[in-house]
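Hello! Here is the structure we talked about, ready for you to open. Have a look at it first, and then read on for what turned up.

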Amino acid sequence: GTTLGASAAEKGRYFGAAVAAHKLSDATYVGILNREFNSVTPENEMKWDATEPSQGQFTFANADRIVNHARANGMQVRGHALAWHSQQPGWAQNLSGSALRQAMVNHVTQVATYYRGKIHSWDVVNEAFADGGSGARRDSNLQRTGNDWIEVAFRAARAADPTAKLCYNDYNTDDWSHAKTQAVYNMVRDFKARGVPIDCVGLQSHFNSASPYPGNYRTTLSSFAALGVDVQITELDIEGSGDSQATAYRNVANDCLAVARCTGITVWGIRDTDSWRASGTPLLFDGSGNKKPAYTATLDAL
Ligand code: XIL
């Protein structure tokens, strides 16, 4: 194929981008989005603070702009994210215990119900494990409601939308030798053994000099897949430029293609200037929308 999306589709996969609703009026941005990508992830618009700014009052207008754009242009939607310690509305940050647990379950239920039938995959739970060598859960208000909060969220999401694939999504889970990777792996294995509804694992894959593309990435992808879940690369960006950046993008694409259950790749933004990173050039298009060497390497690999 001549575009990322078409080439991925020829291999039975999608190629997506994180999208911001307020950029859908930027002609350069939309031009690249519509030409190259066949999946979108709302960058912020489906998060708890965006969709339930006051308890029980749901606002979907900005998320709907992205979902409607996707549907009008034949793109899939990754929903992101139902339950997360970050980007919670103030009212939820101030809750704890059973009140927070109930609010979380209601949030998952309401949002997944509203979008039922329109979401390819949901990030049901995001970033629930701690960094470092402990392999422990991350401390958060949600974690303090009880260790079963993750499986409760997955069961609520399945009940609300039986058609969406339900994913656990995290970062620093790319290197197979990391304790955090092993901890997520053990949770997924346990969920599969006990019948907790989980269909996929999302690897955010934000790579930089502190956490570079790991040589055992393919092992991580295939190991998760062997548990009976799909794997998706959900928030890819790679710090750097030129040949070394292109090589890392090529490696990621090759690794995904080598694993049958690696079903798609999403980059976390379109142009370097769209990146959430404060500085750097981690994406596939430069600030003017020109294709970078990383783009060509990725397209060549697909
Ligand atoms: C980021 C967005 O890109 C920013 O616009 C926002 O200010 C903060 O969140 N992991 C995730 C994403 O799961 O939701 C984060 O997105 C990036 C890290």
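**Helix H4 and what follows**

Right after helix H4 comes Gly74, whose phi is positive, near 70°. Helices here are DSSP runs of H or I with at least four residues, strands are runs of E with at least two, and both are numbered from the N terminus.

Before going further, please keep in mind that this is a predicted model, where local features need pLDDT of at least 70, side-chain atom pairs count only at pLDDT 80 or more, and totals for chains, interfaces and linings use all residues. Residues are numbered from 1 along each chain as its sequence is written, and side-chain values use heavy atoms, with hydrogens and water left out.

Back to H4, which has twelve residues (61–72). The expected span of a helix is 1.5 Å times one less than its number of residues. For H4 that gives 16 Å, and the end C-alpha atoms are 16 Å apart, so the two agree. Which residues of H4 are buried? They are Ala63, Asp64, Ile66, Val67, His69 and Ala70. Buried means under 20% relative accessible area, exposed means over 50%, and partly exposed lies in between (1.4 Å probe, protein chains only). The cover over these buried residues includes strand E1 (14–19), helix H2 (27–36), strand E2 (39–42), E3 and H6; contact here means heavy atoms within 4.5 Å.

**Helix H7**

Helix H7 (residues 149–160) also has twelve residues, with 16 Å expected and 17 Å found between its end C-alpha atoms, which agrees. Its buried residues are Trp149, Ile150, Glu151, Ala153, Phe154, Ala156, Ala157 and Ala160. Among the elements that cover them are strand E3 (76–84), helix H6 (97–114), strand E4 (121–126), strand E5 (165–170) and helix H8 (179–194).

**Salt bridges**

How many salt bridges does the structure hold? There are 16, each being a side-chain nitrogen of Lys or Arg within 4 Å of a carboxyl oxygen of Asp or Glu.

- Arg194 pairs with Glu151, with the closest N and O atoms 3.0 Å apart. This pair links distant parts of the chain, since Arg194 sits in helix H8 and Glu151 in helix H7, 43 residues apart. Arg194 is partly exposed at 41% relative accessible area, whereas Glu151 is buried at 16%.
- Asp230 and Lys165 meet at 3.5 Å, N to O. Here the link runs from strand E8 (residues 230–238), which holds Asp230, to strand E5, which holds Lys165, 65 residues apart. Asp230 is buried, with a relative accessible area of 7%, and Lys165 is partly exposed at 31%.
- Lys292 and Asp272 meet at 3.0 Å, N to O. Both lie in the loop between strand E9 (262–267) and helix H11 (293–301), 20 residues apart. Lys292 counts as buried at 10% relative accessibility, and Asp272 counts as buried at 10% too.

In addition, Lys23, Asp26, Arg271 and Asp274 are linked in a network of salt bridges.

**The largest pocket**

The largest pocket has a volume of about 320 Å³. Of the 20 residues that line it, Glu127, Gln204, His206, Glu235 and Trp276 are the closest to its centre. A pocket is an open set of points on a 1 Å grid over the protein atoms alone, where a 1.4 Å probe fits, with protein on both sides within 12 Å along at least five of seven lines; lining residues have an atom within 4 Å of a point. The lining divides into four nonpolar, nine polar and seven charged residues.

Happy exploring!

Note on methods. Grid points are joined across faces, edges and corners, and a volume is the space filled by probe spheres set on the points. Ala, Val, Leu, Ile, Met, Phe, Trp, Tyr, Cys and Pro count as nonpolar, Asp, Glu, Lys and Arg as charged, and the others, Gly among them, as polar.
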